[in-house]
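Me: Please take a close look with me at the loops in one part of this model, and at what lies before and after them. I am in my first year, so I would like one connected account.

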Amino acid sequence: MSGRRAMVVEDEIELAKVVGGYLERDGFEVTVIHDGLQAVHRARDIDPDLIILDLGLPSLDGVEACRQLRTFSDAYIVMLTARSDEMDTLIGLSVGADDYVTKPFSPRELMARVQALLRRPRGLQGNQETPETRVFGALRVAPAGRDVWVDGEAVSLTRTEFDVLAVLSERPRMVFSRRQLIDAVWGAAWVGDEHLVDVHVGHLRRKLGDDPSEGKYVRTVRGVGYRMGTG
Ligand code: CA
């Protein structure tokens, strides 16, 4: 594949260079940026497919940069965090990243995550046997155009949030374990904390106007996982 653009936003110059090098070898056209504010400005011109975004950045931290990027970009965003407890903090924030990687990480591990992310859209599109609109009370999901409405109002979801909803709503009677959702959305090769699913479900519920901890559209099945509710 050619023409894929990536941005590496990381103020550790050496690490940014290493990550950028790996992405270039993987066929990306890479722009390395060391500052959060600059990242948001440049992303408007570059229109990247992928953004590797460090949490601790000068001028604008990764959380705020991610929020601002999400207002105009549907790039895949992988956030880098310095400690695993930062990930717990991120879970409580609706920042809209697609994946999180804790430092220190091996560039190979990061690239495996990136490749799993990039495989997703094609996999999902190939899997859409039922392109018609799915209705759950006031919620409507139309996989063909990746559209979602609640009470007739369009809801803007990140790609990951949509993919989770698409998988659940495709088989509304099935209870999905976290691992099954990861296999379907992130791919079977994905390795990491399965509670990542909970983060995205929380964001998804909030955007659907639901209670983030107990939704009526995306239901928690205690000790098992998630399934669609009728609203
Ligand atoms: Ca940093």
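Reply: Helices and strands are runs assigned by DSSP, of at least four residues for a helix and at least two for a strand, and they are numbered from the N terminus. With that in hand, we can place Pro 104 in the loop between strand E5 (99-102) and helix H5 (107-126). Please keep in mind throughout that this is a predicted model.

The peptide bond that leads from Lys 103 into Pro 104 is cis, with omega near -5°. To see what makes such a detail worth a pause, recall that most peptide bonds are trans and that most residues other than glycine have a negative phi. The second half of that rule is a guide to other loops.

Asp 47, which is not a glycine, has a positive phi, near 50°, and its place is in the loop between helix H2 (36-46) and strand E3 (50-54). Because its relative accessible area is 45%, Asp 47 counts as partly exposed. Past E3 comes another loop, which runs to helix H3 (62-70) and holds Ser 59. Ser 59 is not a glycine either, yet its phi is positive, about 75°. With 52% relative accessibility, Ser 59 is classed as exposed, because exposed begins over 50%. A glycine with a positive phi can be found as well: Gly 27, which follows helix H1, has a phi near 100°.

The end of E3 also brings us to a metal. A calcium ion is coordinated by Asp 11 (OD), Asp 54 (OD) and Gly 56 (O), at 2.1 to 2.4 Å. Along the sequence these donor residues follow the spacing D-x42-D-x1-G. Two of the donors can be described by their accessibility: Asp 54, at 4%, is buried, because the limit for buried is under 20%, whereas Gly 56, at 42%, is partly exposed.

The stretch before these loops is worth following too. Strand E1 (residues 5-9) and strand E2 (residues 29-33) run parallel and are joined by 5 bridges, and within this pair Arg 5 stands opposite Glu 29. Between the two strands the chain passes through H1, and the resulting β-α-β crossover is right-handed. Helix H1 covers residues 13-25, and its 13 residues, at 1.5 Å a residue, should span 18 Å; the end C-alpha atoms are 18 Å apart, so the expected and computed spans agree. Its buried residues are Ala 16, Val 19, Gly 20, Gly 21 and Leu 23.

Finally, it helps to set this part within the whole chain, which is divided into domain 1 (5-118) and domain 2 (134-228). The C-alpha centres of the two domains lie 24 Å apart, and 18 residues of domain 1 are in contact with 13 residues of domain 2. For a contrast with the parallel pair described above, look at the open sheet of 3 strands in the order E10-E12-E11, where the pairing is antiparallel. Strands E10 (176-177) and E11 (218-221) stand at its edges with a single partner strand each, so one side of each has no neighbour in the sheet. E11 pairs with strand E12 (residues 225-228) over 4 bridges, and here Val 218 stands opposite Met 228.

Technical notes
Residues numbered from 1 in each chain as written. Predicted model: local features only at pLDDT ≥ 70, side-chain atom pairs only at ≥ 80, totals over all residues. Heavy atoms only, no water. Donors = N, O, S within 2.8 Å, 3.2 Å for Na, K, Ca; no water. Buried < 20%, exposed > 50% of the residue type's maximum accessible area, 1.4 Å probe, protein only. Expected span 1.5 Å × (residues − 1). Pairing = 2+ DSSP bridges. Right-handed = clockwise from strand over helix to strand, strands pointing away. Domains from an automatic or database assignment. Contact = heavy atoms within 4.5 Å.
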